[in-house]
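Me: Could you pick one part of this model and take me through it closely? I'd like to follow along on screen, so please go step by step.

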Amino acid sequence: MRNYLFLITVFLSFFINTLNAHEYHFSFAEVGFNHKCKCLEISISVAAHDIEFALKKKGLSKGSLERDISENGISLDLKNEFLNHFIINVDNKDLELSIDGYEFTDDGLLYIYMSSKTINITDFSVLQFRYDILMESFSDQQNKLTFIYKNFKQTLSFINGTKESNMIL
């Protein structure tokens with residue numbers, strides 16, 4: 001009887017660890033000002049299975065995210081997930097962002113590429129970022145943002161409770 005209890009405990013332990021595929025949840029964004037187009041270029045990386053889980057939890061997806069995107073392109077629900085949870089304000093004006101593309105990597109990451117329209121940014125601009133992607137689904141979600149302007153980098157961190165942050169150039 002003890003052997004059966006031991007086996008059940010080991011099995012349940014393994015099963016629970018499999019459901020929680022990794023200990024921490026991260027997303028990384030890089031935002032750069034392109035002087036040629038006078039626009040922001042953005043890349044956001046997330047674990048593909050994390051965003052898939054979040055969409056399924058909201059009832060917005062049923063199948064494989066990679067297969068769905070490969071067959072049908074980026075869905076409106078996925079676009080909204082990124083555009084509603086990654087917001088940039090420059091000098092008190094919200095920027096209109098567009099999703100330009102995506103990439104799945106062999107190590108399980110999904111990269112979303114975005115850009116802004118032409119913007120007016122100066123050395124004294126104030127930028128406000130809201131970066132709360134996946135925070136509704138994972139309480140331990142941490143998002144890191146690196147902003148590049150004139151070869152100078154600034155980094156911001158976002159966690160539950162700190163979903164917005166300001167930056168002065």
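Reply: Quick vocabulary first: a residue is buried under 20% relative accessible area, exposed over 50% and partly exposed in between, using a 1.4 Å probe and protein chains only. Helices (H or I, at least four residues) and strands (E, at least two) are DSSP runs, numbered from the N terminus. Keep in mind that this is a predicted model, where local features need pLDDT of at least 70, side-chain atom pairs count only at pLDDT 80 or more, and totals for chains, interfaces and linings use all residues. Residues are numbered from 1 along each chain as its sequence is written, and side-chain values use heavy atoms, with hydrogens and water left out.

Let's zoom in on strand 3, which covers residues 86-90. Strand 3 is mostly covered, with four of its five residues buried. To see its setting, look for an open sheet of four strands, ordered 4-3-7-10 and paired antiparallel. The edges of that sheet are strand 4 (93-94) and strand 10 (164-168), each pairing on one side only. Pairing here takes at least two bridges found by DSSP between two strands.

Now go through the neighbours of strand 3. On strand 4, the link is two bridges, running antiparallel: V90 sits opposite K93, and N89 sits opposite D94. Between these two strands is a hairpin with two residues in the gap, and there D91 takes a positive phi near 50°. Turn to strand 7 (residues 126-131), and you'll find five bridges joining strand 3 to it, again antiparallel. V90 is worth a second click: its bridge partner in strand 7 is L127, while in strand 4 it faces K93.

While you have the model open, have a look at the cysteines as a side trip. A disulfide is called when two cysteine sulfur atoms lie within 2.5 Å, and by that rule the count is one. Chemically, it's a covalent bond between the sulfur atoms of two cysteines. Here C37 and C39 are the pair, with sulfurs 2.0 Å apart. The torsion about their S-S bond is about -60°, so this disulfide is left-handed. How covered are C37 and C39? C37 has 30% relative accessibility, so it counts as partly exposed; C39 has 7%, so it counts as buried.
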